[in-house]
Amino acid sequence: MQYEGTTYRPPPEADTPLLQVTVGCAHNRCAFCQMYRDVRFRRIPMDQIEADLQELRAIFQKAERVFLVNGDAFVLKTSRLKEIAERVKQVFPECRTISMYASIRNIKAKSERELAELRDHGINDLYVGVESGWDRVLDLINKGHTVAEAKEQLHRLNRAGIRHIANLMLGVAGMGNGLDNARLTAELLNQTGPSLIWVGTLALFEGTELHAAMGQGTFIPATELEILEEEK
């Protein structure tokens, strides 16, 4: 396996084969994130993907699920994703689910027909960076979508029969705003029906815009107690 850059995967995919299909993140401008700042976004060549699949086959005797990395692999064109899915099924004919990270913008860029075709190719479970259900917070972290757009695109996934896991971030609204953020985010979740809710906690990494805002006093982090209250 020739993984390039740091490889990230969701905790539930700890035992899932990881197939790298992109390097970095196509958006790479979230104010809280420094995961892909050291690499340039690009596609992995198909011959490398095929070679990596053969290596995975030697490691995993059976794989009913495969996870595509890195940051937002769903940004790839539908034709490319279908080609990758076909290669996966050739090597792992028992594979029932191909999953990956996706952004709201990735979903928006695909038509209803394309989403249905991807579902039929086994791409039927996406980890979506929802983060928050409050437009003020989404603007603060430069997420690249609005709450209305998130609602619309997640409904499109539901109609296409593609499950989604909603990735959320506690503490991202800052001091004094956790309960409002929780209420608005819960409204979005109740309306869009994720198959799973994954909750992380904001970390302020040096070199990010949000860390700089903290240093300037324009962003005040939530206390640990506030984060626990928001989660509750």
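In what order do the six strands of the open sheet run? The order is β1-β4-β5-β6-β7-β8, and the pairing is parallel. Before I go on: this is a predicted model.

Let's stay with the sheet. Its edges are β1, residues 18-20, and β8, residues 196-201. Each of these two has a single partner strand, so one side of each is left without a neighbour in the sheet. From one strand to the next, the twist averages 25°.

Now one pairing in detail. Strand β4 covers residues 65-69, and strand β5 covers residues 97-102. They pair in the parallel sense, over four bridges. Take Phe 67: its bridge partner in β5 is Ser 99.

On to the pockets. The largest one holds about 790 Å³ of space. It is lined by 33 residues. Closest to its centre are Phe 32, Cys 33, Met 35, Glu 131 and Met 169. Which elements give two or more residues to this lining? They are β5, β6 (125-131), β7 (163-170) and β8. So much for location; here is the chemistry. The lining divides into 18 nonpolar residues, nine polar and six charged.

The second largest pocket has a volume of about 150 Å³. Its lining consists of 13 residues. Nearest its centre lie Leu 168, Leu 170, Ala 182, Thr 185 and Glu 230. At least two lining residues come from each of β7, α7 (178-192), β8 and α9 (224-231). Which element supplies the largest share? That is α7, with five residues. By type, this lining splits into eight nonpolar, two polar and three charged.

Next, the salt bridges. How many does the structure hold? The count is 18. I'll go through three pairs, then a network.

Pair one is Arg 57 with Glu 94. The closest N and O atoms are 3.6 Å apart. Arg 57 sits in helix α1, residues 46-59. Glu 94 sits in the loop between α2 (78-91) and β5. That links distant parts of the chain, 37 residues apart. Are these two partners buried or exposed? Arg 57 has a relative accessible area of 25%, so it counts as partly exposed. Glu 94, at 21% relative accessibility, is partly exposed as well. Buried would require under 20%.

Pair two is Glu 117 with Lys 82. Here the closest N and O atoms are 3.3 Å apart. Glu 117 lies in helix α4, residues 112-120, and Lys 82 lies in helix α2, so the bridge ties together parts that are 35 residues apart in sequence. Glu 117 is partly exposed, at 23% relative accessibility.

Pair three is Arg 159 with Glu 112. The closest N and O atoms are 3.6 Å apart. Again, distant parts of the chain are linked: Arg 159 is in helix α6, residues 147-160, and Glu 112 is in helix α4, 47 residues away. Arg 159 counts as exposed, at 57% relative accessibility. Its partner Glu 112 is at 40%, so Glu 112 is partly exposed. The cut-off for exposed is over 50%.

Last, the network. Which residues are joined into one network by salt bridges that share partners? They are Glu 13, Arg 65, Asp 125 and Arg 163.

To recap: a parallel open sheet of six strands, a largest pocket of about 790 Å³, and 18 salt bridges. Thanks.

Terms used: Residues are numbered from 1 along each chain as its sequence is written. This is a predicted model: local features need pLDDT of at least 70, side-chain atom pairs count only at pLDDT 80 or more; totals for chains, interfaces and linings use all residues. Side-chain values use heavy atoms; hydrogens and water are left out. Two strands pair if DSSP finds at least two bridges between them. Axes are lines fitted to C-alpha atoms, for helices over the stretch in contact, and angles run from 0 to 180 degrees between N-to-C directions. On a 1 Å grid over the protein atoms alone, a cavity is a set of points where a 1.4 Å probe fits but cannot get out, and a pocket is an open set with protein on both sides within 12 Å along at least five of seven lines; lining residues have an atom within 4 Å of a point. Grid points are joined across faces, edges and corners, and a volume is the space filled by probe spheres set on the points. Ala, Val, Leu, Ile, Met, Phe, Trp, Tyr, Cys and Pro count as nonpolar, Asp, Glu, Lys and Arg as charged, and the others, Gly among them, as polar. A salt bridge is a side-chain nitrogen of Lys or Arg within 4 Å of a carboxyl oxygen of Asp or Glu. Buried means under 20% relative accessible area, exposed over 50%, partly exposed in between (1.4 Å probe, protein chains only).
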